Amino acid sequence: MIHLEGIRRDFRLGEQTVHALAGIDLDIAAGEYVSIMGPSGSGKSTLLNVVALLDRPDAGSYAFDGVDVTAFDDDALARVRRENIGFVFQFFHLIPRLTAFQNVEVPLVLASVPVAERRERVNEALASLDLSSRAHHRPNELSGGQRQRVAIARATIMRPKVLLADEPTGNLDSVSGRQVIEIIENLNAANGVTLIVVTHDSAMGSRASRQLRLVDGRIDSDQRR
Amino acid sequence: MKMADSTLLAWQAVIAHKFRTLLILLAMGIGVAAVILLTTLGETGRAYITGQFSSLGTNLLIVLPGRNETTGGAPPLLGTTPRDLTLGDALAVARSPYVERLAPIIIGGASAATDQGLVRDTTVLGTTAEMAHVRSLNLSRGRFLPAGDPYSAEPVCVIGITILNELFRGQDPVGQRLQLGDRKYRIIGVLSDEGVSVGIDFNDMVLLPVAAAQQLFNREGLFRMMIEMRSAGNTEDAIADVRRIITDRHEGEDDVTIITQDSLVSTFDRILSAVTYGIGGIGAISLVVAGILIMNVMLVSVTQRTAEVGLLKALGSSSRNIERLFLIEAIILSCSGAIVGVSVGLFTVWLMRGMWPTLPIHAPVWALVAAVAVAITTGLAFGTLPARRAARLDPVQALSRR
């Protein structure tokens with residue numbers, strides 16, 4: 001599903017060049033459940049962004065679902081993201097002026113899906129996450145757990161092959177956090193969605209069947225359970 | 001992404017940021033309203049002034065002594081002073097088949113004194129009985145200057161309403177004497193209230209027979225002649241004929257300037273139109289200022305919505321799409337601003353029309369179109385930069401912040 005070869009990503013911080021990713025080789029098969037852990041500044045988020053096609057590597061090649069996307073232009077990358085990748089963020093990133101329904105609808109809108117089909121799919125997604133009663137509430141009227149569930153509904157509405165989660169429970173209490181984990185793990189187990197979770201919570205990271213540990217922009221360990 | 005969806009999304013953003021929207025509507029509205037009001041004022045002034053000139057009467061020719069002309073070579077030293085326009089010239093021109101009426105004019109200042117000792121500086125206009133017809137003057141009392149031999153310097157005068165009020169308050173002036181300089185004249189009539197037309201205030205004026213004025217000012221030359229043509233159709237022929245008559249009398253020298261009513265009006269029309277465009281341009285500057293405000297507010301908006309832009313990109317929106325969203329937002333804002341401005345502008349014009357019903361107040365259509373076009377163009381132009389900036393935002397950084 002995801003094939004990275006010699007991926008490097010450098011950032012300039014004033015005079016210094018920081019090697020956020022210093023040569024990553026990684027293969028992730030479809031349907032895997034991978035956690036990426038590591039201390040702050042180890043390159044977790046950078047790796048996630050590269051995998052998510054939000055950031056371009058400075059060197060190396062990337063094949064997504066068998067297609068080399070390294071040289072894709074902005075529009076092409078946007079399409080690949082739209083159709084294949086779902087995101088769940090630590091800070092939810094719901095658009096505050098839109099209702100839960102409208103937030104979930106955004107990817108469908110970006111993909112020019114007809115209105116009727118949009119309504120049907122959004123309602124279905126909200127119902128499956130037990131959010132039907134909150135459909136017309138704005139994010140500030142929802143609890144943290146509800147917000148993250150709306151975000152999950154949005155991430156999965158396009159039925160992506162890959163779901164990327166960046167500290168998905170980082171901003172939730174333990175009960176909501178567990179609930180969110182169960183939902184995304186279920187997507188992996190039941191629907192075969194490739195799940196990649198970035199976290200520095202080792203309890204959460206150890207739930208994954210494959211655990212990557214990053215240190216200084218390199219893969220330090222790659223354990224399978 | 002579909003256009004309708006983009007518009008809806010942009011519209012929701014416009015609605016959500018109420019204060020920002022209000023600010024932009026205000027700026028754009030003021031700009032557009034300013035253009036409309038300023039051009040309306042200019043246009044009204046133009047219409048008013050050209051209207052005043054037209055009220056002079058149609059078929060009017062004005063003959064001035066001297067000729068406006070530039071020639072090459074050294075300035076001649078001798079004999080270049082134009083000949084005076086004399087009463088003889090006037091009588092000769094009056095016999096032209098093209099001329100219906102002719103009124104010679106001598107103008108000057110004098111102090112008018114009554115027997116009671118009241119004194120007032122006033123304008124003295126020497127002319128003939130024809131003047132009453134040429135300028136459509138009416139009398140409130142007595143009679144106008146006597147017709148007949150223009151060379152006879154009968155010591156009579158006709159006074160304007162201001163002179164009546166200032167010097168003969170509550171009295172009947174007809175038959176009384178008025179001293180101008182060292183000469184005395186018998187008042188034979190009072191003009192009715194004529195108002196000011198083209199800078200000549202007939203109210204504050206004493207009219208004398210032209211020969212009497214020549215004596216008073218000790219000057220033979222005429223200030224000018226006003227000619228009412230027999231018909232309006234053949235102005236060119238009339239001018240040629242008048243010119244021929246005067247040239248004959250001036251020993252072959254064509255040394256008069258002839259102004260037609262039309263050329264006068266159209267000259268003023270041109271000048272005042274230019275003035276209107278000018279002040280319209282000043283108004284347009286305020287539109288540009290509004291455009292810059294839109295740019296600033298949109299830039300702030302982009303910064304505030306970094307996360308949202310990053311999110312849209314993460315969800316599969318291309319940079320072009322983001323740029324379009326912000327541009328649509330700018331267009332919605334500037335169009336609404338233009339609508340507000342047009343409404344305010346037209347409403348104010350309507351109010352002004354209610355306040356001054358006699359003035360020809362109307363908003364020029366070209367100004368409406370131009371103001372709205374400029375508003376939308378500036379909105380677009382100044383919306384592009386923030387939209388570009390939004391499109392270039394790095395989604396990675398945008399999403400890493402809260």
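**Exercise 1. The partners of strand β2 in chain B**

Determine which strands β2(B) is joined to, how they run and which residues stand opposite one another.

Solution. Begin with β6(B), residues 177-180, which runs antiparallel to β2(B) and is joined to it by three bridges; strands here are DSSP runs of E with at least two residues, helices are runs of H or I with at least four, both numbered from the N terminus, and two strands pair if DSSP finds at least two bridges between them. In this pairing, Ala112(B) has Leu180(B) as its bridge partner in β6(B). The model is a predicted one, in which local features need pLDDT of at least 70 and side-chain atom pairs count only at pLDDT 80 or more, while totals for chains, interfaces and linings use all residues. Residues are numbered from 1 along each chain as its sequence is written, chains are lettered from A and ligands numbered from 1 in the order in which they are written, and side-chain values use heavy atoms, with hydrogens and water left out.

Next, take β3(B), residues 119-127, which is antiparallel to β2(B) and connected to it by eight bridges; here the bridge partner of Ala112(B) is Arg120(B). The hairpin of β2(B) and β3(B) has four residues between its strands, and Gly117(B) adopts a positive phi near 100 degrees in it.

Finally, six bridges link β2(B), residues 99-114, to the antiparallel strand β11(B), residues 224-229, where Met225(B) stands opposite Pro104(B).

**Exercise 2. The open sheet of chain A**

Work out in which order the strands of the open sheet in chain A lie, and which strands stand at the edges.

Solution. The six strands follow the order β6-β7-β8-β3-β9-β10 in chain A, with mixed pairing. At the edges stand β6(A), residues 85-88, and β10(A), residues 218-224; each has a single partner strand, so one side of each lacks a neighbour in the sheet. Ignoring direction, neighbouring strands are turned against each other by 20 degrees on average.

Within the sheet, β3(A), residues 33-37, and β9(A), residues 210-215, run parallel and are joined by four bridges, with Gln211(A) in β9(A) as the bridge partner of Ser35(A).

Then place the helices: α2(A), residues 74-84, lies across β6(A) and β7(A), running at about 75 degrees to β6(A), where angles run from 0 to 180 degrees between N-to-C directions and axes are lines fitted to C-alpha atoms, for helices over the stretch in contact. Helix α5(A), residues 144-156, packs on the sheet and touches β6(A) and β7(A), its direction making about 170 degrees with that of β6(A).

**Exercise 3. The contact between the chains**

Establish how many residues each chain gives to the contact, and how much area is buried.

Solution. Count the residues: chain A provides 26 and chain B provides 29, contact meaning heavy atoms within 4.5 Å. Then take the area: the two chains bury about 2400 Å² between them, 59% of it on carbon and sulfur atoms, buried area being the accessible area (1.4 Å probe) that two parts lose on being put together, summed over both. On the chain A side, His93(A), Arg97(A) and Leu110(A) lose the most area to chain B, together 28% of what that side buries.
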